[in-house]
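Please open the structure in your viewer and keep the sequence panel beside it, so that you can select residues by number as you read.

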Amino acid sequence: MSETTTESLAASIIVCSYNRCDDLRACLASLPWERLEAAGVEVIVVEDGCTDGTVAMVRSEYPQAKLLSGEPNQGPSHCRNRGAAEARGQLLLFLDDDAMVEPGWLDAMLAADDGRTLLGGRILDLDGQREQGGPAYSTFIGKRLPCAPEKATVGATANLGVPRAAFEAIGGFDLDLPYYFEDSDLCIRARKAGYGFRYVVDAAVRHKGSEIKRGEAIRMQEHNSTYAMLKSYRANWGTLVAFALLNALWMAARLIGWGLRGRFGDCRRLVTGWWTAHARFAASRR
C-alpha cells in the first residue's frame, strides 16, 4: 500500500497473535486485500513473542501488512495498545487471530463509523451457523447479559471497532488486564467518557474460539472483571460498597447453581478469582 497521511486513512485493522500461525494465516487470508488501499485501510499484525514461525509467515505471505515484532510475550492488551500506537487510521478495527471476516464486514464497519461510537460486530461460530453470545450489555457489576441489538453496550475484541479519539481519550486497553475482560472494560470506560456503542449485525466474523469460559479461564475472568469494576467505582464509597455486595450475591447464586451440578472445581476457581481481585484492590489503595 502506498504511504498516506494519518488523516487520509479511514481505518487500521489490528490483529495480535501468539503462536497460532495457522489461525493467523486464515484470518489474514479472509481480509478483502483487493479493496484495502482504495478504502484507505491498513493492516497491522502484532506478534506477541511467537516461536512458531508466525513472523516468517507474515513477512513472506503478507508483506503488505505492517508487522510489529521483537518483544517478549506480554498479552493481548499490551499488543493491541502497541498496534494502536502505530496505526494511521481514524477507526481501529480489532480482530482476534482466530477470527475470519465474512464478506461485507469491512464495508459495514466503515459505514457505521461516526467517530464517536464503538462498534461491536457480529461473531459467529467457525461454521457460521450459531452466534457466539450475540449483542450484550454490561450490568452494574460488569456481567454481560444478552439484549436486543439496539441496547448493546459491550463487544468482544474478536470483532471490535474503536474510534481513535475514544481509544486515546481513555488510554487504550488497561494493562492491569492483560487478557480476559479487557474488551468489556474498554467499552465500559468509553461509555463513561461519553462515547456510544453500536452493534453492527452486518459486520460478521467467524470465530474459532468460544465465549464459554472453562477451567482456569473462569478464575481469570472473575478476577479481572471484579478488579476492573472495583477500580471503576473507587472514587465513590457508596457505589463501591453497593458493587461489592451485589457482586458477592451474584457469586453466591452462581456457586449454588454450579455446586448442585457438581462443578466443585469451577466453584473453587470462581472464589479464588473473586478473592484475589479484592486483595489486589485493597493492596493498591494502601
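The tour below moves from a strand to its partners, then to a helix, two loops and a surface patch.

This is a predicted model, in which local features need pLDDT of at least 70 and side-chain atom pairs count only at pLDDT 80 or more, while totals for chains, interfaces and linings use all residues. Residues are numbered from 1 along each chain as its sequence is written, and side-chain values use heavy atoms, with hydrogens and water left out.

**A covered strand**

Select residues 91-96, which make up strand S4; helices (H or I, at least four residues) and strands (E, at least two) are DSSP runs, numbered from the N terminus. Six of the six residues in S4 are buried, where buried means under 20% relative accessible area, exposed over 50%, and partly exposed in between, with a 1.4 Å probe and protein chains only. In a regular strand the side chains alternate between the two faces of the sheet. On one side of S4 you will find Leu91, Leu93 and Leu95, and on the other Leu92, Phe94 and Asp96, all of them buried.

**Its partners**

Now add S1 (11-17) to the selection, which pairs with S4 in the parallel sense over six bridges; two strands pair if DSSP finds at least two bridges between them. Look for Ala11, which stands opposite Leu91 in S4. Next select strand S9, residues 159-163, which pairs with S4 in the antiparallel sense over five bridges, and find Leu92 opposite Val162 in S9.

**An arginine in a helix**

Go on to Arg164, which lies in helix H6 and is buried, with a relative accessible area of 12%. Leaving aside neighbours within four places in sequence, Arg164 is in contact (heavy atoms within 4.5 Å) with Ala84, Ala87, Arg88, Gly89, Gln90 and Leu92.

**Two loop residues with positive phi**

Which residue in the loop between helix H6 (164-169) and helix H7 (182-192) should you select? Choose Phe181, whose phi is near 75°, a positive value in a residue other than glycine, and which is buried with a relative accessible area of 3%. Then select Asn19, in the loop between strand S1 and helix H1 (21-30), where phi is near 55°, also positive in a residue other than glycine. Asn19 counts as partly exposed, at 28% relative accessibility.

**A last stop**

Finish with Leu246 in helix H9, residues 237-260, which counts as partly exposed at 43% relative accessibility.
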